[in-house]
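Please walk me through this protein, starting with its strands and ending at its core.

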Amino acid sequence: TDWILYNPSGENGGNAGAISYPTGLQFPPGAENAIGLAVYSALYQDITTVPDQTYDFSFYATAYTSGGGTSPLSMIASFGSTALPELILYGSQTFQEYEYEVTATSTSTMVQFSNPTASRWPMFTDLSVVEVPEPGTLALSLVSLLLASGHLVCKKTRKTSELSQFI
């Protein structure tokens, strides 16, 4: 699914924009590109989710300021109806990781990033949304694994003792 770019506030003449990353950005390991948001712009994508399922929601973010300024910049991220704490980014051009545990409320969840400011460009990369196994499911998987390995050990021991009768 593609990202949809829009201007939620109607500011700046209703224009919305995304920028390509500037040279000199220090990407996190494995990342090769980033998305930057123009002033008053927002970017969203609807993803398929399971109601009441918990997810690990993570991404890397930084602020791009032409001229290398380091004053703070805010970016707002949300997962469905869950508004995450406002991110305060600095123009260091080094990405910082942000991680949240969120719960889906429907079968489709909007993931959104927005730039509520009139200057500078927040950027993000390496977005990840991963299901968190329920504690009961994890425990059941562990018990199943232990039972299966115990069964294999017993079976191997039995075969060894059966073979020793013939020697």
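Two strands pair if DSSP finds at least two bridges between them. Helices (H or I, at least four residues) and strands (E, at least two) are DSSP runs, numbered from the N terminus. The model is predicted: local features need pLDDT of at least 70, side-chain atom pairs count only at pLDDT 80 or more, and totals for chains, interfaces and linings use all residues. Residues are numbered from 1 along each chain as its sequence is written, and side-chain values use heavy atoms, with hydrogens and water left out.

**Overall layout**

The protein has one helix and 11 strands. Along the sequence the pattern runs β-β-β-β-β-β-β-β-β-β-β-α. Of its 167 residues, 34% are buried. Buried means under 20% relative accessible area, exposed over 50%, and partly exposed in between (1.4 Å probe, protein chains only). The protein exposes about 10000 Å², and carbon and sulfur atoms supply 56% of that area. Accessible areas come from the Shrake-Rupley method with a 1.4 Å probe; for residues, only the protein chains shown count as cover. Contact means heavy atoms within 4.5 Å. Among contacts with a separation of 6 or more, 79% join residues 24 or more positions apart.

**Strand pairing**

Strands β4 and β5 each take part in two of the pairings below.

| Strand pair | Sense | Bridges | Residues opposite each other |
|---|---|---|---|
| β1 (residues 4-6) and β4 | antiparallel | three bridges | Leu-5 and Leu-43 |
| β4 and β10 | antiparallel | seven bridges | Asp-46 and Met-110 |
| β5 and β9 | antiparallel | eight bridges | Ser-58 and Glu-99 |
| β5 and β11 (residues 121-131) | antiparallel | nine bridges | Tyr-55 and Glu-131 |

Strand β4 is mostly covered, with five of its seven residues buried. Strand β5 is also mostly covered: eight of its 11 residues are buried.

**The core**

In soluble globular proteins, nonpolar side chains tend to be buried together. A nonpolar core is a set of buried Ala, Val, Leu, Ile, Met, Phe, Trp, Tyr and Cys residues joined through side-chain atoms within 4.5 Å. The largest one here has 22 residues. Phe-57, Phe-59, Met-75, Phe-79, Tyr-100 and Phe-113 touch the most other members. Two or more residues come from each of β4 (42-48), β5 (54-64), β6 (73-79), β8 (87-89), β9 (96-103) and β10. Strand β5 gives the largest share, five residues.

**Three residues up close**

Take Phe-59. Leaving out residues up to four places away in sequence, Phe-59 touches a set that includes Met-75, Leu-87, Tyr-100, Phe-113 and Phe-124.

Now Met-75, which lies in strand β6. Why does Met-75 count as buried? Because its relative accessibility is 0%. Beyond four places in sequence, its contacts include Phe-59, Ala-61, Leu-89, Phe-113, Ser-114 and Pro-122. The C-alpha atoms of Met-75 and Trp-121 are separated by 9.0 Å, although the two residues are 46 residues apart along the chain.

Last comes Ser-114, in strand β10 (residues 108-114). Ser-114 counts as buried because its relative accessibility is 10%. Not counting residues up to four places away in sequence, Ser-114 touches Leu-37, Ser-41, Ala-42, Met-75 and Ile-76. Met-75 thus links back to both: its contacts include Phe-59 and Ser-114.
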